[in-house]
Structures are given as structure tokens and as C-alpha cells.
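Please open the model in a viewer and keep the sequence panel visible. The stops below proceed from selection to selection.

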Amino acid sequence: KNKATAKHLGDLKAKLCAARRELLGPEKSGGGGKSKGFEVQRFGDSRVALIGFPSVGKSSLLTALTGVQSEAAAYEFTTLTCIPGVINYNDCKIQLLDLPGIISGAAQGKGRGRQVIATARSADMILMILDATKDDAQRQMLTKELNDVGIRLNKERPKISVTKTKAGGFKFNATCTLTELSSEVCFSILREYKMFNVDVVVHEDATIDDFIDVLEEAGTAPRQYCKCIYVYNKIDMLSISQVDQLARQPYSVVISVSKELNLEGLLERIWQELDLRRVYTKKKGHFPDFTDPLVLTCQRGNKTFTVENAVGLLHKSILDEFKSALVWGSSVRASPQVCGLKHELQDEDVMQITKMTAAEKIKKMHGKKTGTTLAGGNTQVDPTGKKEKEKKAPLKT
């Protein structure tokens, strides 16, 4: 690829991103605020949003999975507001949101598209409901609408580090071979963002769009990297060979809500993709409580599966008194095993927290024993005895 062409393409993409940001940004005048019917309180351990074109079976799927009666009819735009429901699966509560059908141009505000997509940004996963009897253009159009507002489906954040500095100019370094990005392209894009003193480190073969996504994180519309499952409904109207072809596509599940086909398989796939981990707590001398687990996710707390995150979900004040944790389960070699805050827990582990004693709290408060203070206080002592030697008279020779 020609270097001058790549640099020019980078400039154009940066300008296009800035123009799109101004177009899709919130209106400065008028009576803004939240849209009635779309503000839904977060409930449960995770949140999943249903997105699709009108009349593809979103409301019927919500009723089949949660039991909540969402109005369904033979005409389009039956659902006009956000309708929540709760899935109880493996002792976890998963909130399911039935959103109105979106149309082409929803990112620009057509058909209340902005409110629908803004609600989808708060979800941990998106279920894209598709009509199996239609072509794959519906999937591409929905992906484009979500991509225009900064929702990246089934992608991870690019491994690019951008650090602003007070001086020193532009510095570029790459730890791998790059095919599209280069020092000149990055400098040209940064100049459009009016960033001149920057250190850039690229750890993977990223594209120009990936670099712009990282720069947009500091703006008003940061990118949202979200998992997505493509759910093909109405498979009872297709042949077995067509259903098999759809089911073999990546991130795809085939169902039929009217015939109740493969609904359990859909729930299992949602559980696998959400990667929820249940941790059961235990008091000393008692059996574990297997009725109400702590659920660790990639979105809650400090977004890790460590003991520290589990203790913080119980109560943050326990972290100040935390000494160690006894862990039973697949995450340890021997059950039980004494673990610290950085130990990573697995699904269905059992954890017992050990708190510090009063003496250990005082010791932690004053740091390690260095011999300069008495234990349990700030009384200064001289462990070397230099001051006493100075007071004594010198030896006669």
C-alpha cells in the first residue's frame, strides 16, 4: 500500500469521525432529558438487550424466556417502549430488555433509534434477533447502525497505548509488524485531533479505525465493546440444510419461538458468553450457603474475577480488615487453600474470609517492624544504642 495514500486515508477517516460525532451528538437546544419509557433501573447480575427489526419475534421471545407479557401482534412497531423481564438461570438473575424495533437510519434518530441504541449501550450483551426467512442484509444493516454510534460487536479493545505528555513531541513505537498503521499515519491522525505531545505504543497489527477508536475514548462518545449473539428465529419455515448452514455461522443460534425449539440451547449459550462465575460464601464452622451466591462478571466491581472483587461486592469495609481467604473449588490445587486478594476464582468456588485481629490491625497501621518504635505505639527507640554510647565517657588509654 502506498504510504501517501494511507496517510491521506487516515486524515479523511479522522475528519469523517469528527463530523459523525457532531451529527450524532446530543442536541444543545430544546427540552432534552431522558425519554419516557426507556429509563429502566438495572436489576440482577447482568443485562441483555434484544435488538432487531420490527416483527422478528422479540416480544414473543421475551415472553417465552421470562414470562413477562409483552404485546405481540401481526403488525410492525407493536412495542413502543422498553419492557424489562428477568431470567432465573443457574441461581443467577439476568435482566432481559425488549426494545422497540429499529429501522435503517436509527443512528440519525429515525424511529426513536437514538433512545433504543442508548439503552443498548448499557447492556452487557446484545441479542440480535433476525428473521431466518430473509437474507443476511438485515444483519449487516443492524451491525452498521450499532457501529455508527460506537458499539463494537464481538471485538476487544485494541492493544494500543496513547499517553499524553507535557513536552517531547510525538513518539511512536510498535512491538509487532504493522501492515496498515505507521508513524506517519498516526502523526497525521493525531494532528487532526490537535494532539502533538503524545507517546504511542502499538502491541498488535491494528487498523486505522482501531487507532481512531482508542483516541475517541477520551471524547464524549467512547466506544463500547460488547458481546453479541445472532439469534435466527422462525427456523420452522426452513429446510434442515438451511438451518444447519445458519447454525454453523460464528456467534449464531437458531430458534423457533412459536414451536419452542432450542430455547434451552439459547439460554445455555447466553450463560457461556456472559461468563458469570458464582462464588458461595461460608462462615467458620458452618456449611456453605448454596442459595444466594456472589456473582462475578466482567462488568461489575473492578471487572476481575479475583478475591478482591468478591470481597468488595460483599462490602468494601471488609477489605480494610481482610487477612486471607480459604478457598475450596477448581481454582486451587488443594481444598481448602489460603489465598490472597489477587487469587482468581472459578465458577462454584466456596470462599471463607478471615479477618485481622486487633493486634494485626495496629501492626498494619504502623507498617513493618523496623525497630525504631515500640510495638503498638509510636514511642521512638534506638535499636543500635548509638545515643547511649555517645553519653558514656571515652575509655582511658
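Begin at Lys194, which follows helix 5 and has a positive phi, near 55°. Helices (DSSP runs of H or I, at least four residues) and strands (runs of E, at least two) are numbered from the N terminus.

Before moving on, note that this is a predicted model, in which local features need pLDDT of at least 70 and side-chain atom pairs count only at pLDDT 80 or more, while totals for chains, interfaces and linings use all residues. Residues are numbered from 1 along each chain as its sequence is written, and side-chain values use heavy atoms, with hydrogens and water left out.

**Stop 1: helix 5 and the three-stranded sheet**

Select helix 5, residues 183-192. Val185, Cys186, Ser188, Ile189 and Leu190 of this helix are buried, that is, under 20% relative accessible area with a 1.4 Å probe and protein chains only (over 50% is exposed, and partly exposed lies in between). Helix 5 lies across strand 7 and strand 8, and runs at about 135° to strand 7. Such angles run from 0 to 180 degrees between N-to-C directions, with axes fitted as lines to C-alpha atoms, for helices over the stretch in contact.

Now add the strands beneath this selection. The order in this open sheet of three strands is 6-8-7, with mixed pairing; two strands pair if DSSP finds at least two bridges between them. Strand 6 (160-164) and strand 7 (170-174) are the edges, and each has a single partner strand, so one side of each lacks a neighbour in the sheet. On average, neighbouring strands here are turned by 10° against each other, direction ignored.

Strand 7 pairs with strand 8 (residues 198-202) in the parallel sense over five bridges. To locate this pairing, select Asn173, whose bridge partner in strand 8 is Val201. Then show helix 6 (residues 208-215), which lies across strand 6 and strand 8 at about 45° to strand 6.

**Stop 2: helix 2 against helix 8**

Select helix 2 (residues 58-66) together with helix 8, which spans residues 263-274. The two pack at an angle of about 85°, their axes 11 Å apart. Helix 2 is therefore roughly perpendicular to helix 8, a term covering 65 to 115 degrees (under 35 is roughly parallel, over 145 roughly antiparallel, and the rest oblique). Leu61, Ala64 and Leu65 of helix 2 make the contact with Leu263, Leu266 and Leu267 of helix 8; contact means heavy atoms within 4.5 Å.

Keep Leu61 selected. In the largest nonpolar core, which has 55 residues, Leu61, Ile126 and Leu127 touch the most other members. Such a core is a set of buried Ala, Val, Leu, Ile, Met, Phe, Trp, Tyr and Cys residues joined through side-chain atoms within 4.5 Å. Not counting residues up to four places away in sequence, Leu61 touches Leu50, Ile129, Ile255, Val257, Leu263 and Leu266. Apart from this core lies another, of 20 residues, with Ile160, Val185, Tyr193 and Leu215 among them.

Next, select Glu273, which is found in helix 8. Is Glu273 buried or exposed? Glu273 is buried, with a relative accessible area of 17%. Its contacts, leaving aside neighbours within four places in sequence, are Met125, Lys227 and Ile229.

**Stop 3: the five-stranded sheet**

Select strands 11 to 15, which form an open sheet in the order 12-11-15-13-14, with mixed pairing. Strand 12 (294-296) and strand 14 (337-339) are at the edges with a single partner strand each, so one side of each is left without a neighbour in the sheet. From one strand to the next, the twist averages 35°.

Centre the view on strand 11. Four of its five residues are buried, so strand 11 is largely enclosed by the rest of the structure. Three antiparallel bridges join strand 11 to strand 12, and three parallel bridges join strand 11 to strand 15. Val279 shows both pairings: Val279 stands opposite Leu294 in strand 12, and has Asp349 as its bridge partner in strand 15.

Strand 13 (residues 322-328) and strand 15 (residues 349-355) run antiparallel and are joined by six bridges; Ala325 has Ile353 as its bridge partner in strand 15. Finally, show helix 9 (residues 307-314), which lies across strand 11 (277-281), strand 12, strand 13 and strand 15 and runs at about 130° to strand 12.

**Stop 4: Asp45**

End at Asp45, in the loop between helix 1 (3-24) and strand 1 (46-52). Asp45 counts as buried, at 16% relative accessibility. Not counting residues up to four places away in sequence, Asp45 touches Cys92, Lys93, Val295, Thr297 and Arg300.
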